[in-house]
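Reader: I have a structure to go through with you, and I would like to ask about it piece by piece. Could you show it to me before we start?

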Amino acid sequence: MAKYLLLKHYRGAPAAVNDVPMDQWTPQEITDHVQYMRDFAARLEETGEFVDGQALAPEGMFVRYDGEGRPPVTDGPFAETKDLIAGWMVIDVDSRERAVELAGELSAAPGAGGKPIHEWLELRPFLAAPPTITE
Amino acid sequence: MDETLLRSLTPGVLGILVRRGADFAAAEDAVQDALVEAVRVWPADPPRDPKGWLVTVAWRRFLDATRADAARRRREEVVEEPEPGPVPAVDDTLQLYFLCAHPSLTPSSAVALTLRAVGGLTTRQIAAAYLVPEATVAQRISRAKRTVSGVRFDQPGDVATVLRVLYLVFNEGYSGDVDLAAEAIRLTRQLAAAVDHPEVAGLLALMLLHHARRAGRTAPDGGLVPLAEQDRGRWDTALIAEGVAILQAALARDRLGEFQAQAAIAALHADAPTAEETDWVQVVEWYDELARLTDSPVVRLNRAVAVGEADGPRAGLAALAALDDSLPRHTAAAAYLHERDGDRATAARLYAEAAHKAPNLAERDHLTRQAARLNARPDR
């Protein structure tokens, strides 16, 4: 078993094929999109492959240690930051192939016109302890 | 088996153990063990005196644990074996509430400790309710118990702190097999029985009035339904009546607090047959009271929306303009008022901006839909 992190980007990923901002969709298209994501997660829960997933706010801040009790905070991500994560899901699957298959499925969530968005999702394997026995 | 009965006995049993000389942390562990044992044994062999049964088993567990723990040997010598016989009737429930909401605890720790020690929930149930790993909750509870271990059990506590913790529990909503809103109501009812305080009644009324409207607040797909669009036939009129009665009795005592004022606003919404028939003028007056009591910017934001209903969208926008636009939901309120004022383009832009800042998924989806509705292309 291997865990993978699926990352959805606000920006930073290559442009999607069906690239229309969400506030230009019809309400029904948004409902269908949200339902697709829910169904996807529910299915993975049933197969025992779902670990966790959350959506992230587009705005955050940078914090660093700057002496006892006074961590400075600054708005972020900085303007030059090219990447911005929208949300993530952790899956626990048997193989890399399965992880790629599921990421492809999630990327097909419907968008404007009810057609798949074809957005790029980032897929990152977790670092795990080395196996005791290597076959 | 009646799990609610079992849980309602928890604080009393815990209180008796502590009165007998057990320290809080060890007593709490022992009571949890006794609850687990009760779930196993009671269905086949129900006890005649459930509370007495729990006290006996928990006390035995406490003594076993104390004996097994060499470091606690000295404490064991101080603890005297109590006389067998009926359980004393002294109610320590109130002291437990104070202890679990002690100001030295973080809110999440106070909430977890209250749900376990007063509510009788298991660590697993709390974890499921908060969607965090069980280990996280176990850690929070043991840290909380260490923090309050030096607090004397008979010290009078602060009702306001307890109410804040119960309010947090209520606002957490629903996940896992425990309905936290219902649990918060149960605990607040229990507290109201133990202490005579108009703000406790105010919080209980507020919870009942909000809980009564829950069925109308979400669509079958989990989406938000705004107040004006809710099917009022789905509201629970019995709960509304109970909440209003409790609130009126509290208000009659003339010791107004923020929970009573919030409950009064909730009662005005619950009373209206339609959104249009809401007594918005009175709602604004109660927001004025609430602003006087709390000086909270969130209250002033809600007040601005109520002014928009009472005196028209322009008046609402004027009230909103006086507030810091970085306030949560400021943009959403502005979008709503601009739409009512007929400015669809500005409203659409602000809805999209508000969706961008939304604090949760349900709100984000709702606001995005509002923007999309106003941006709808004519050819579609």
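Author: What follows goes through confidence, the fold of one chain, the contact between the chains, and the salt bridges, and it concerns a predicted model.

Reader: Since it is predicted, what average pLDDT does chain A have?

Author: Chain A averages a pLDDT of 85, and 87% of the residues score at least 70.

Reader: And where in chain A is the confidence lowest, and where is it highest?

Author: In chain A the lowest mean, 70, belongs to strand S4 (residues 73-76), while helix H2 (residues 96-107) of chain A has the highest, at 93. Where pLDDT is low, the predicted coordinates should not be read in detail.

Reader: Turning to chain B, how many helices and strands does it have?

Author: The secondary structure of chain B comes to 20 helices and two strands, and its C-alpha atoms fill a box of roughly 80 × 45 × 40 Å along the principal axes. Of the 380 residues in chain B, 49% are buried.

Reader: What share of the contacts in chain B comes from residues 24 or more positions apart?

Author: Counting contacts in chain B with a separation of 6 or more, 61% are between residues 24 or more positions apart.

Reader: Now the interface: how many residues does each chain bring to the contact?

Author: Chain A brings 19 residues and chain B brings 15 residues. Together the two chains bury about 1400 Å², with 51% of that area on carbon and sulfur atoms.

Reader: Which helices of chain B supply at least two residues to the side that touches chain A?

Author: They are helix H19 (344-357) and helix H20 (361-375) of chain B, and the largest share of that side, nine residues, comes from H20(B). By class, the side of chain B that touches chain A has eight charged, four nonpolar and three polar residues.

Reader: With those charged residues, how many salt bridges are there between chain B and chain A?

Author: The count between chain B and chain A is zero salt bridges, although five residue pairs are in polar contact across their interface, both residues of each pair being at pLDDT 80 or more.

Reader: And how many salt bridges does the structure hold over all chains?

Author: Over all chains the structure holds 27 salt bridges. One of them joins A:Glu105 to A:Arg43, with the closest N and O atoms 2.1 Å apart. Because A:Glu105 lies in helix H2 of chain A and A:Arg43 in helix H1 (residues 27-47) of chain A, this pair ties together parts that are 62 residues apart in sequence.

Reader: Are those two residues buried or partly exposed?

Author: A:Glu105 counts as partly exposed at 26% relative accessibility, and A:Arg43 counts as partly exposed at 39%.

Reader: What about B:Arg116, which residue does it form a salt bridge with?

Author: B:Arg116 forms a salt bridge with B:Asp29, the closest N and O atoms being 3.4 Å apart. B:Arg116 lies in helix H6 (residues 107-118) and B:Asp29 in helix H2 (residues 24-41) of chain B, so this pair ties together parts 87 residues apart in sequence. B:Arg116 counts as buried at 10% relative accessibility, whereas B:Asp29 is partly exposed at 39%.

Reader: How many residues apart are B:Glu353 and B:Arg349 in helix H19 of chain B?

Author: They are four residues apart, which means a separation of about one helical turn, and their side chains meet in a salt bridge at 3.8 Å, N to O.

Reader: Last one: which residues are linked with B:Glu3 in a network of salt bridges?

Author: The network links B:Glu3 with B:Arg7, B:Glu183 and B:Arg186.

Methods: Residues are numbered from 1 along each chain as its sequence is written. Chains are lettered from A and ligands numbered from 1 in the order in which they are written. Side-chain values use heavy atoms; hydrogens and water are left out. Contact means heavy atoms within 4.5 Å. Buried area is the accessible area (1.4 Å probe) that two parts lose on being put together, summed over both. A salt bridge is a side-chain nitrogen of Lys or Arg within 4 Å of a carboxyl oxygen of Asp or Glu. A polar contact is a pair of N or O atoms within 3.5 Å; within protein, one must be able to donate a hydrogen and the other to accept it, and residues adjacent in sequence count only if both atoms are side-chain atoms. Ala, Val, Leu, Ile, Met, Phe, Trp, Tyr, Cys and Pro count as nonpolar, Asp, Glu, Lys and Arg as charged, and the others, Gly among them, as polar. pLDDT is the predictor's confidence in each residue, from 0 to 100. Buried means under 20% relative accessible area, exposed over 50%, partly exposed in between (1.4 Å probe, protein chains only).
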